[in-house]
Amino acid sequence: MTDSKDEKAPVKRHASAIPLPGEPEFEFFKVIQGYVAQAANLIELPEYLRRILPEPKNEIIVHFPVRLDSGDVELFKGYRIQHNNILGPFKGGLRYHPSAGLDDFKALAAMMTWKCSLIGVPFGGAKGGIRFDPTKYSRGEIERITRRFIHSLANNIGPDSDIPAPDVGTGEQTMAWAMDTYINTSGRSGNQANRGVVTGKPVAVGGTLGRTKATGQGVVHCIVDWADRHGFDLEGKKLMVQGFGNVGSHTAVLLSHLGVSTVAVGDHTGYLYNPEGFNTYRLQDYVRKHGSIQGYPNGQSITRAEFFAASADIFVPAALENQIGAEEARALQVRLVAEGANGPTNPAGEAILNERGIAVLPDILANAGGVTVSYYEWVQNRRSESWTITDVDDRLEKAMRLGCQQMYDLAHRYNTSYRIACYAGAVERLRVAYEQRGIFP
Ligand code: NAD
């Protein structure tokens, strides 16, 4: 375990995916700190909290060896960044991706703190993962990598201290291995509440109904809420979605129930267009079987630039951060961007979307459905309960609607963007907690 100061991984520049001459570059973590600083000004946050809140509490980096199928041994680097736990245990996903590094994990961990605070779940913020490409490894190798990583994190995670969940490149199978490893190495394998060490597990091993679709479902609640407030009839509207994994595919499927057709999709392998609308169920099945949209027969292949210029009404980015820079923001034809992904819009892109009157429902609200239902899973694990899908769905809808109401109220009160309104609400809750608890000793 080392301190981040020893970490030599290059900071990933938050450059626009297609940088324009003269366009500024952004570092993801600094971008998030910038939002916190803007919110701090609005709510007149005391100076000492402006120093504490932007920084993570713990930066954990581990190196661990894993034997590959070939017999070779590879050394992996894993991260767990624990940003803040004043409101509850650290909470946040595990990401397996070849470009994920310390800067991303710090940014994503901080976003979890603000997301949980905003939506009102009693968790803090964390994020972690491993920089590697899981598509290049066998299932057995990924299982061993996951188990060694969880073993290396040891007592830094636990159902009362830090609770991982799925993110890009991980899913419910990863969480089942993570839970099994924790339970078998914690020395308390009889304690059923230890299943709450991770969320997003398969239902058969302590997961909750409704978690798999939860993030997409939350995005849809935010879109419906926005549409209701703006007299925007969703029936017959067109959706474009970038990323067709957990968040993107469920958002598209759930919106299809409301009469919204998905006309453009993209993932790490490319982009497809179908003016008649894709059958989102079939596309979801195809991606489950083939790992990507590549080769899906019912769509015309288009470039990334053509994708961003497609004729549509709603855009849901559901892949990675920093996908909407200035050029993409100028190209988009939609009325609404609902951020399924974390950090998909960079500040240059957002400024242009604002100028063009394109509404942005920010990530820390729009994709908070995932952590909200993770909280329900954790509560069920603690109480040995199994809630019905109706229980989960109803609670999630209430939580998301309340989150939306908060955002509109705060945007009105502070005359600011939806994003900064969300940060203001989230930072305010931590201010109250710090002021009431004081600074130890
Ligand atoms: P996933 O691994 O299931 O899907 C990721 C998708 O992004 C895949 O379709 C992949 O092909 C695509 N992708 C990867 N690199 C790309 C690139 N360079 N260009 C275009 N597409 C690319 O992951 P997920 O869980 O759906 O997460 C997607 C986003 O949503 C991430 O930003 C994640 O942090 C965020 N998020 C996820 C959850 C959750 O519950 N899973 C909750 C909140 C936020």
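Helices and strands here are DSSP runs, numbered from the N terminus: at least four residues for a helix, at least two for a strand. Keep that in mind, as I will use those numbers throughout. One caution before we start: this is a predicted model.

Let's take the overall picture. The protein chain has 15 helices and twelve strands. Its radius of gyration is 21 Å, and the globule rule gives 22 Å for 441 residues, so the chain is as compact as a globular protein of that length. Along the principal axes, the C-alpha atoms fill a box of roughly 55 × 55 × 50 Å.

How much of the chain is buried? Of the 441 residues, 59% count as buried. Now contacts. Take those between residues at least 6 apart in sequence: 70% of them join residues at least 24 apart.

On to the surface. The exposed area of the protein chain is about 17800 Å². Carbon and sulfur atoms supply 50% of that. As for charge, there are 47 positive and 48 negative side chains. The centres of the two sets lie 4 Å apart.

Next, the inside. The largest nonpolar core holds 110 residues. Which of them touch the most other members? Trp114 and Leu361 do. Helix 15 gives the most to this core: eleven residues.

Stay with Leu361 for a moment. Leave out residues up to four places away in sequence, and look at what Leu361 touches. Its partners include Cys222, Ile223 and Trp226. Leu336, Val337, Ala338 and Glu339 are also among them. So are Ala366, Met407, Tyr408 and Tyr418.

Apart from the largest core lies another one, of 25 residues. Among its members are Leu94, Tyr137, Ile142 and Tyr182.

Now some backbone details. Most residues other than glycine have a negative phi, and most peptide bonds are trans. I have three places to show you against that background.

Asn322 comes up now. Its phi is positive, about 60°, although it is not a glycine. Where does Asn322 lie? Look in the loop between strand 10, residues 314-317, and helix 10, residues 326-331. Is Asn322 buried or exposed? Its relative accessible area is 7%, and buried means under 20%, so Asn322 is buried.

Asn415 also has a positive phi, near 50°. You will find Asn415 in the loop between helix 14, residues 389-414, and helix 15. With a relative accessible area of 72%, Asn415 is exposed.

The third place is a peptide bond. From Phe440 to Pro441 the bond is cis, with omega near 5°. Phe440 sits in the segment after helix 15, which covers 418-437. Pro441 is found in that segment too. Phe440 counts as exposed, at 80% relative accessibility. How far apart are Phe440 and Tyr281 in space? C-alpha to C-alpha, they are 53 Å apart, with their positions 159 residues apart in sequence.

A last stop: Thr303. Look in the loop between strand 9, residues 300-302, and helix 9, residues 304-308. At 42% relative accessibility, Thr303 counts as partly exposed. Thr303 and His250 are 53 residues apart along the chain. Their C-alpha atoms are separated by 23 Å.

To recap the inside: the largest nonpolar core has 110 residues, and helix 15 is its biggest contributor. To recap the backbone: Asn322 has a positive phi, Asn415 has one as well, and the bond from Phe440 to Pro441 is cis.

Definitions and conventions: Residues are numbered from 1 along each chain as its sequence is written. Side-chain values use heavy atoms; hydrogens and water are left out. The radius of gyration is taken over C-alpha atoms; the globule rule is 2.2 Å times the number of residues to the power 0.38. Buried means under 20% relative accessible area, exposed over 50%, partly exposed in between (1.4 Å probe, protein chains only). Contact means heavy atoms within 4.5 Å. Accessible areas come from the Shrake-Rupley method with a 1.4 Å probe; for residues, only the protein chains shown count as cover. Lys and Arg count as positive and Asp and Glu as negative; His and the chain ends are not counted. The place of a charge is taken as NZ of Lys, CZ of Arg, CG of Asp or CD of Glu. A nonpolar core is a set of buried Ala, Val, Leu, Ile, Met, Phe, Trp, Tyr and Cys residues joined through side-chain atoms within 4.5 Å.
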